[in-house]
Amino acid sequence: MSEPHPPTTVVGAEVDGARADIRFEEGRITRIGPPSSTAGTQVVRADGGALLPGLHDHHLHLLALAARDRSLDVGPAADDADFDRRLRARHRELPAGAWLRVVGYDESHGPLGPGRIDALAPGRPVRVQHRTGAAWMLSGAGAAAAGVEPSADWRFRDDEHLGRAWADDDPPDLAAVSARLAAYGVTGVTDATPFGGTEGFALLAAARARGDLSQRIMVTGGPALADRPVPEGLDRGPVKVVVADHDLPDPDRLAGWFRAAHRAGRPVAVHCVTRVALVLALAAWERAGSIDGDRIEHGSVVPLELVDAVANLGVQVVTQPGFVLAHGDRYLRTVEADDRPHLYRCGTLLDAGVAVAGSTDAPFGPDDPWLGIRAATDRRTRAGALLGPDEAVPPRTALDSFLGPLRRPGGPPRTLEVGGPADLCLLDGPLDRVLADPSSRHVVATWIGGVPVHGST
Ligand SMILES: [Zn+2]
């Protein structure tokens, strides 16, 4: 990150709707204005392309994203035999004894237990992650390798314990993740993993120190780490509190976690994916009070009658418009009709004065924020169906939801300023044209702290 890089001038860019040249050095923007001498600087021609502050993904999971890259993603089933066919094929490809990791399983693949897995991949340690990321199923050999009792029940939210068992087998390739995010123009992220131990922080900090992770990273961690410092190179964000739908906490317990976070000077980021979870979170806030920076993660179901309560609390909602695209067809099939209009609200929340931030929740949603920007605008599922069209927002609003500061998701979008960090994303055309067809294909170059991390330099 701190490697010296020559001063750079981006010439002929569109900045806030006007033509300008932008010069940056030592990580900061030093000039925005009409053309002047570019002597002694590296020159990048924008040809009228918009230069934006780099995008911020306000909620994702870096280690899970890296793990997903080396997993078999079974996605929604094409037919009943789909899962079996793909698992068997991967089993044949892998060396004996290697873990076979499966992600994306859901009920569409049929009931799952160790017996079915063992029959498909005899003797192999296999771990299957539920689509939600909240639960694991292990093969017989997998349970043995992880040092746990075999079980036909899903293991919920046990990543910390299980993760230790397979830490050595799976060193995450965060460099590949970082490069991909850079290609989307992403210069900062919030890792919203509710780590219970410090191993996750250590892995992320080490990857940053090595230069594998170039993005600025704010981390959360769970309530157990509320008053722990985080390693150098990471920024300590809110405490992630999960209102788990398989094991609903009572509001007093929840309020206790909120208070502990607030006492440590940290806001809370509260995972709420159902109506019940939101009601519980609101009840906990009533007891503990809210502080600046408290946020609702997902807000997947926000019934109209609760919109004002959310607004009055002053908490932000960190939503995932990409879920409309990636999971919308399943929601239309499986979510109760009563809840469907409340799914992944955006426009209604903004109208009520709630700050709404964009994020991907990758790997549980697509990691490309531009897919979310598009879906926030057209509310189309993969199959082209409409989901909550009344919640659509203009493309500029959707983009802005990815431009807030990491500490203030949903806050006013960052702008390019002299003296500000050279975290930049250059597009291949003027902003209006790009937003008429939002896509990461338009990102031609990305800099973080003035250092090129993607594209044309
Ligand atoms: Zn998440």
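This passage describes helix packing, strand pairing and selected residues in a predicted model.

Two packed helices are described by the angle between their axes and the distance between the axes. Helix α8, spanning residues 251–263, packs against helix α9, spanning residues 275–288, at an angle of about 55°, and the two axes are 8 Å apart. The helices α8 and α9 are therefore oblique to each other. Their crossing is right-handed. On the α8 side the contact is formed by P251, D252, L254, A255, F258, R259 and H262, and on the α9 side by L280, A281, A283, A284, W285, R287 and A288. By residue class, the contact between α8 and α9 comprises ten nonpolar residues, one polar residue and three charged residues.

A second helix pair is formed by α11 (residues 322–334) and α13 (residues 369–378), whose axes come within 5 Å and cross at roughly 80°. This angle makes α11 roughly perpendicular to α13. The residues in contact are G322, V324 and L325 from α11, together with L371, G372 and A375 from α13. Of these, four are nonpolar and two are polar, and no charged residue takes part in the contact of α11 with α13.

Strands of a sheet pair through backbone hydrogen bonds, either parallel or antiparallel. The parallel sense is found for strand β15 (residues 239–242) and strand β16 (residues 268–272), which are joined by four bridges. Within this pairing, K240 of β15 stands opposite A269 in β16. In a regular strand the side chains alternate between the two faces of the sheet. In β15, V239 and V241 point one way, whereas K240 and V242 point the other way. These residues of β15, the lysine K240 included, are all buried.

An open sheet of five strands follows the order β7-β8-β9-β10-β11, and its pairing is mixed. Strands β7 (72–73) and β11 (155–156) stand at the edges with a single partner strand each, so one side of each has no neighbour in the sheet. The partner of β11 is strand β10 (residues 135–138), and the two pair in the antiparallel sense over two bridges. In this pairing A135 stands opposite F156 in β11.

Strand β17 (residues 295–298) contains E297. E297 counts as buried because 32 C-beta neighbours lie inside 10 Å. Apart from neighbours within four places in sequence, the contacts of E297 are with H59, A192, A269, V270, H271, C272 and V318. One of these contacts, A269, is the residue of β16 that stands opposite K240. By C-alpha positions, E297 is 33 Å from E14, and the two are 283 residues apart in sequence.

Residue H298 also lies in strand β17. H298 is likewise classed as buried, because 25 C-beta neighbours are found inside 10 Å.

Strand β1 (residues 8–15) includes V15. V15 is partly exposed, because 19 other C-beta atoms lie within 10 Å, whereas a residue counts as buried at 20 or more. When residues up to four places away in sequence are not counted, V15 touches A20, I22, I32, L51 and L416. Of these, I32 is 17 residues from V15 along the chain, and the C-alpha atoms of V15 and I32 are separated by 8.7 Å.

Certain backbone features were also identified. Most residues other than glycine have a negative phi, and most peptide bonds are trans. In H298, by contrast, phi is near 80°, a positive value in a residue other than glycine. Positive phi is also found in Y344, another residue other than glycine, at a value near 45°. Y344 lies in the loop between α11 and α12 (347–351). Y344 is buried, because 26 other C-beta atoms lie within 10 Å. The peptide bond that joins A362 and P363 is cis, with omega about 10°. P363 is part of the loop between β19 (356–358) and α13, the helix that packs against α11.

Conventions
Residues numbered from 1 in each chain as written. Predicted model: local features only at pLDDT ≥ 70, side-chain atom pairs only at ≥ 80, totals over all residues. Axes fitted to C-alpha atoms, helices over the stretch in contact; angles between N-to-C directions. Parallel < 35°, antiparallel > 145°, perpendicular 65-115°, else oblique. Left-handed = near helix turned anticlockwise from the far one by under 90°. Contact = placed C-beta atoms within 7 Å. Nonpolar A, V, L, I, M, F, W, Y, C, P; charged D, E, K, R; others polar. Buried ≥ 20, exposed ≤ 12 C-beta atoms within 10 Å, placed from the backbone. Pairing = 2+ DSSP bridges.
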